[in-house]
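Work through the exercises below with the sequence and the coordinates at hand. Each task is followed by a stepwise solution.

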Amino acid sequence: NNLTQAPHQPFASQGANPITLLVKSGGRFLYVLNQGSADTPTSDSGDAGVAVFSVGGDGSLTYLQSYQSQGFQPMWMQFDSTNGYLYVLDKYAPDYKTSGNGSITAFSIDPTTGRLTLVLNNQVIQPDGSNLPYWEVGQNPFQMKQAGSCLFTVNTADQSITPYSLGAGGQLVNVTTGNFHPGTTNISSINGNGSYVVLTDNGNNTILPLAVGPACTLNPSLGGIQTNQPGTSNPTQSFISSNGKFLYVLNQSTTSTTVNQPFSSISGFLIQTGQSLSILTGSPYSVDSGPVCMVGDPTNKYIYVSAHNSGQVTGKLYDANTGALSQLARGSTFTATGLATCLAISGAVD
């Protein structure tokens, strides 16, 4: 499926350093997370936060409003399974000076306007009698993933996972299991579905599938830690097919910043019983240099990868029966504006 540029682009992100984006189900609203220009645990640069856009039928964007999270230096954001709530992960919690922790800010989403409203933490009362406006996670968090009724946050300081149960009204509920330590060297991504999550570890070039149990416990699957495909390195993201049969791992495979180095790839795996993995025929599949993000289209026919080094988007035809990826019929590489940090697909755009 070829990509064509929407009219009037590029669109300003309404902040500095946009790092990720999400499209609400239905395709009408886009949420862009701006990390901002300041890296500090005590002050806000004023150019960080979530910018909300409406999506036109031709793919054009109209800016609506921006919202600030409660902590500092936002790192990631995630919908719940209903797309009724948005969670923003901050590297530094408001009480970072005493706790050293990161935090999550929760927002409810108006289904008609797409606008956000802060959700207060009903479990923690402050000395002045008000509810705490955030939830604490571990130190130096960078990514999180909703899986079933759970939300998992990756903390890089001690290579741990903070689990929360997703409660009514957007509440994050503490679970009794505490932080989980998977034994990784350098977790580079977390992904998953309702029954399991997948970690990539670019320190060891390994993949770790974990089963999600009661109370958001995480348990190594029958396959255990699995080595990435030979000839690959620096796994940076993973993607699970909509039918749950295939796992794709995006490999930067080099730390070089040189454009068009021919070392970046996608490792493709069949997910077998117990989440053990077997390499797909034809894998690894080549992509452009410095890949940072990978998504599937709503029709489950195509996979797209954005590359930071070149600013290009690579498209692949996806076979839902075999999992194999192949080139698009009319060209597979599309030039974007600037250096890509992530990508998302709106089902509302023809």
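The exercises concern a predicted model and move from confidence to cores and then to single residues.

**Exercise 1.** State how confident the prediction is for the chain, and find where pLDDT stays under 50.

Solution. Step 1: the protein chain has an average pLDDT of 89, and 93% of the residues score at least 70. Step 2: pLDDT stays under 50 over residues 255-261. Step 3: for residues 255-261 the model has 13 contacts beyond four places in sequence.

**Exercise 2.** Describe the largest nonpolar core and the strands that supply it.

Solution. Step 1: this core has 17 residues, and Phe152, Val197 and Val212 are among those with the most contacts inside it. Step 2: at least two core residues each come from strand 12 (141-147), strand 13 (150-155), strand 16 (187-192), strand 17 (196-201) and strand 18 (206-212). Step 3: Val212 touches residues including Phe152, Val197 and Leu218. Step 4: a second, separate core of 15 residues includes Ile19, Val52, Met77 and Phe107.

**Exercise 3.** Decide whether Lys24 is buried or exposed, and look for a salt bridge.

Solution. Step 1: Lys24 lies in the loop between strand 1 (18-23) and strand 2 (29-34). Step 2: Lys24 is buried. Step 3: the nearest side chain of opposite charge, Asp80, is 8.2 Å away. Step 4: a salt bridge needs a distance within 4 Å, so Lys24 has none. Step 5: among the residues that Lys24 touches are Phe29, Tyr31 and Phe79.

**Exercise 4.** Classify Ile271 as buried or exposed.

Solution. Step 1: Ile271 is found in strand 23 (residues 265-271). Step 2: its relative accessible area is 15%. Step 3: buried means under 20%, so Ile271 is buried.

Terms used
Residues are numbered from 1 along each chain as its sequence is written. This is a predicted model: local features need pLDDT of at least 70, side-chain atom pairs count only at pLDDT 80 or more; totals for chains, interfaces and linings use all residues. Side-chain values use heavy atoms; hydrogens and water are left out. pLDDT is the predictor's confidence in each residue, from 0 to 100. Contact means heavy atoms within 4.5 Å. A nonpolar core is a set of buried Ala, Val, Leu, Ile, Met, Phe, Trp, Tyr and Cys residues joined through side-chain atoms within 4.5 Å. Buried means under 20% relative accessible area, exposed over 50%, partly exposed in between (1.4 Å probe, protein chains only). Helices (H or I, at least four residues) and strands (E, at least two) are DSSP runs, numbered from the N terminus. Lys and Arg count as positive and Asp and Glu as negative; His and the chain ends are not counted.
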